[in-house]
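Me: Let's go through the labels put on this structure. For each one, give me the value and the cut-off behind it.

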Amino acid sequence: MNRRNLLQVLGVSGAAGLAGCNQVRGVVRSGPPYFEEIEITGPDEVETCEGINLEVSVTNTGGETGEFTARLDIGEGLFQSSESIAVEDVQITQTKTATIGPYWSDKTAEIPFRLTEHDASHTVVVTTRELQMGEELNCDGGYRISLSSPRFVSTLTEGSGEDIRLVTPEEDGRIYALVEAEIELYNEDRRPYGTLSTESSNGFALSTQTDLSEINELDNPFNRDRLDSTGSESGTVVFAVETTEGDGINDNIIKNWNSDTPPDVIWSLEDVPGAAFDTTVESPESIEIGQEGTVSVVVENTGDGAGTYRAALLKSLNSFGPQETKVDSIEVAAGEEERIQFGITPEGLNKPDYEIAPEGTAINYVVEPVSLEFGEEFTTYDGGTYVVNTPLNRSIYADEVSYTEFGSEQTATAGSGETFVIVEIDVDPESEILNTVDYSLLVDGRTVEPFSSGFQRNYTSPVSGAEYPGSDTGGLLVFRAPESARESSVEVQAMFYGEEGDYPVQWTE
């Protein structure tokens with residue numbers, strides 16, 4: 001074990017106390033005091049921040065009563081410190097014992113105490129202190145730390161509105177533990193805050209990496225900047241803890257100055273009921289334009305305690321455009337299943353990219369046209385209304401149609417295997433100028449364009465193929481279609497344009 005890495009500045013030693021018995025011995029020599037049988041003893045093992053009291057015993061084999069003094073070396077290498085000790089008023093021929101200390105260490109270590117000039121030494125092993133949540137670590141003369149009331153959440157958030165983002169644990173199988181902390185410093189040389197972490201990561205705590213004031217879910221975040229050289233600070237700290245299905249939290253919070261050594265202190269989470277989450281994402285296979293489809297995040301809590309699960313729906317029109325984020329959360333009891341639901345409403349064929357975070361699940365669905373029956377009204381995003389219907393007082397099918405073109409009366413006759421399909425269009429524009437609307441007839445898997453030689457025609461009942469003037473208007477629309485159109489329902493499609501590209505509307509007879 002590398003002892004140089006185990007020791008830092010130790011605690012303050014107390015004044016030496018006098019204790020023990022006097023053992024009479026024959027005078028070995030005359031003259032000044034002379035000390036032999038020098039020993040240093042004490043506990044072999046203590047926990048961190050536990051006081052260490054040592055005993056130094058000496059025998060005076062000289063000719064006079066005197067005081068034994070020596071240099072006590074504590075630790076070794078770069079972290080060695082020294083101090084003077086004394087055993088006072090040691091009578092001739094007597095053995096006397098003095099108690100020195102207390103000393104303490106807030107780090108696991110092997111600490112040698114040596115009276116180097118007299119070849120006397122004793123080593124104390126400082127071991128991990130194990131605490132329960134709510135118990136206090138008090139390193140007398142240095143600092144105290146209290147950790148309590150853990151709450152468990154899957155993710156946190158930063159920012160607001162369009163700039164909100166999820167803060168997720170860096171490793172799978174972890175959730176955040178929000179723990180109430182109170183730290184009080186008595187000694188400016190002690191800075192324990194940065195040594196707090198989880199046992200599984202042994203060195204990482206969100207609290208030491210992130211400005212907790214930016215986390216939305218913390219009402220009173222711990223502010224390390226307010227923890228001056230002395231004084232106290234309290235608030236919520238955040239740790240990413242490991243979870244296990246069926247068992248909840250499989251982790252502890254530790255204080256460890258050196259990641260190569262056993263933890264200095266462990267606050268156990270083993271007996272704290274905690275959450276562990278298993279999720280699946282359910283989404284519709286298709287969504288009709290203008291209708292809302294529901295995406296569900298099914299959350300199962302496989303742990304032994306309650307926790308909060310948080311998910312987000314990310315929407316982006318393209319990889320370079322802005323991203324919209326919707327965030328929602330739900331409390332899930334142990335062994336229970338809950339759902340977080342998000343609504344998706346496509347507004348055109350150029351659908352945005354959607355993703356559920358933190359799962360990273362892309363939402364794939366087919367955009368379906370708006371489906372209406374003849375006579376039903378469709379309102380566009382700009383407020384105009386459109387209706388496709390059967391012609392008034394006439395059949396929807398015809399073998400010939402008459403029309404005027406350049407002032408001349410014309411008649412068109414359906415060819416072999418053909419028929420004309422005639423529908424009536426009613427338009428009530430919201431604005432004075434309407435965008436071009438492309439109509440088509442859908443039959444036998446084919447798309448049939450309106451009957452036209454490329455010029456606007458006026459049928460016996462006026463029709464304006466793709467455009468209408470800026471007023472309440474209506475007219476007939478004629479298609480030269482296969483004869484099979486008579487054997488199936490007539491389906492007319494109008495293609496409009498919106499913010500998310502073209503959006504088709506289909507009327508069925």
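Reply: Start with strands: a strand is a DSSP run of at least two residues, and strands are numbered from the N terminus. Keep in mind that the model is predicted. Pro102 lies in one such run, strand E7. The peptide bond that leads from Gly101 to Pro102 is cis, with omega near 0 degrees.

Me: Where is Pro358 found?

Reply: Pro358 sits in the loop between strand E27 (353-357) and strand E28 (361-362). The peptide bond from Ala357 to Pro358 is cis, with omega near 5 degrees.

Me: How many aromatic pairs does a search of the whole structure find?

Reply: The search gives 8 aromatic pairs. Take Tyr103 and Phe113 as one of them.

Me: Why is the pair of Tyr103 and Phe113 called tilted?

Reply: Their ring centres are 5.5 Å apart, and the limit for a pair is 6.5 Å. The planes meet at 50 degrees. Stacked needs under 30 degrees and edge-to-face over 60. The value of 50 degrees fits neither, so the pair is tilted. Tyr103 is in strand E7 (residues 95-103) and Phe113 in strand E8 (residues 109-115), and the two are 10 residues apart.

Me: How do you know that Tyr103 is buried?

Reply: Buried means under 20% relative accessible area. Tyr103 has 1%, so Tyr103 is buried. Phe113 has 0%, so Phe113 is buried too.

Me: What makes the pair of Phe496 and Tyr503 stacked?

Reply: The angle. The ring planes are at 25 degrees, with centres 5.7 Å apart. Stacked means under 30 degrees, so this pair is stacked. Both Phe496 and Tyr503 are buried. They belong to one aromatic cluster with Phe378 and Tyr386.

Me: Why does Lys351 count as lying over the face of Tyr365?

Reply: The charge must be within 6 Å of the ring centre and within 35 degrees of the ring normal. Lys351 lies over the face of Tyr365 at 4.4 Å from the ring centre. Lys107 likewise lies over the face of Trp257, at 5.5 Å from the ring centre.

Me: How do you know that Pro504 is buried?

Reply: Pro504 has 3% relative accessibility, and the limit is 20%, so Pro504 counts as buried. Pro504 lies in strand E42 (residues 501-508). The C-alpha atoms of Pro504 and Ala494 are separated by 5.7 Å, with their positions 10 residues apart along the chain.

Me: What joins E41 to E42?

Reply: A hairpin joins them through 2 residues. The two strands run antiparallel, with 8 bridges. Pairing takes at least two bridges, so E41 and E42 pair. Within this ladder, Val492 has Trp507 in E42 as its bridge partner. E41 (residues 491-498) also runs antiparallel to strand E37 (residues 438-443), through 5 bridges. There, Ser440 stands opposite Gln493 in E41.

Me: Which residues on each side of strand E19 are buried?

Reply: Asn252 and Ile254 are buried on one side, Ile253 and Lys255 on the other. Both faces of E19 (residues 252-255) are covered. In a regular strand, side chains alternate between the two faces of the sheet. E19 runs antiparallel to strand E16 (residues 196-198), with 3 bridges, and to strand E20 (residues 265-268), with 4 bridges. Thr198 stands opposite Ile253, and Lys255 stands opposite Val265.

Me: Why is Glu37 called partly exposed?

Reply: Buried is under 20% and exposed is over 50%. Glu37 has 48%, so Glu37 falls in between and counts as partly exposed. Glu37 lies in strand E2 (residues 35-41). Its phi is near 50 degrees, a positive value in a residue other than glycine.

Me: Is Thr93 buried or exposed?

Reply: Thr93 has 9% relative accessibility, which is under 20%, so Thr93 counts as buried. Thr93 has a positive phi of about 70 degrees, although it is not a glycine. Thr93 lies in the loop between strand E6 (81-90) and E7.

Me: What is the volume of the largest pocket?

Reply: About 440 Å³. Among the 20 lining residues, Gly173, Arg174, Ile175, Phe277 and Tyr309 are the closest to its centre. E21 gives the most to the lining, with 3 residues. By class, the lining has 6 nonpolar, 8 polar and 6 charged residues.

Technical notes. Residues numbered from 1 in each chain as written. Predicted model: local features only at pLDDT ≥ 70, side-chain atom pairs only at ≥ 80, totals over all residues. Heavy atoms only, no water. Buried < 20%, exposed > 50% of the residue type's maximum accessible area, 1.4 Å probe, protein only. Phe/Tyr/Trp six-rings, centres within 6.5 Å; stacked < 30°, edge-to-face > 60°. 1 Å grid on protein atoms, 1.4 Å probe; cavity = no way out; pocket = protein on both sides within 12 Å on 5 of 7 lines; lining within 4 Å. Points joined across faces, edges and corners; volume = space filled by probe spheres on them. Nonpolar A, V, L, I, M, F, W, Y, C, P; charged D, E, K, R; others polar.
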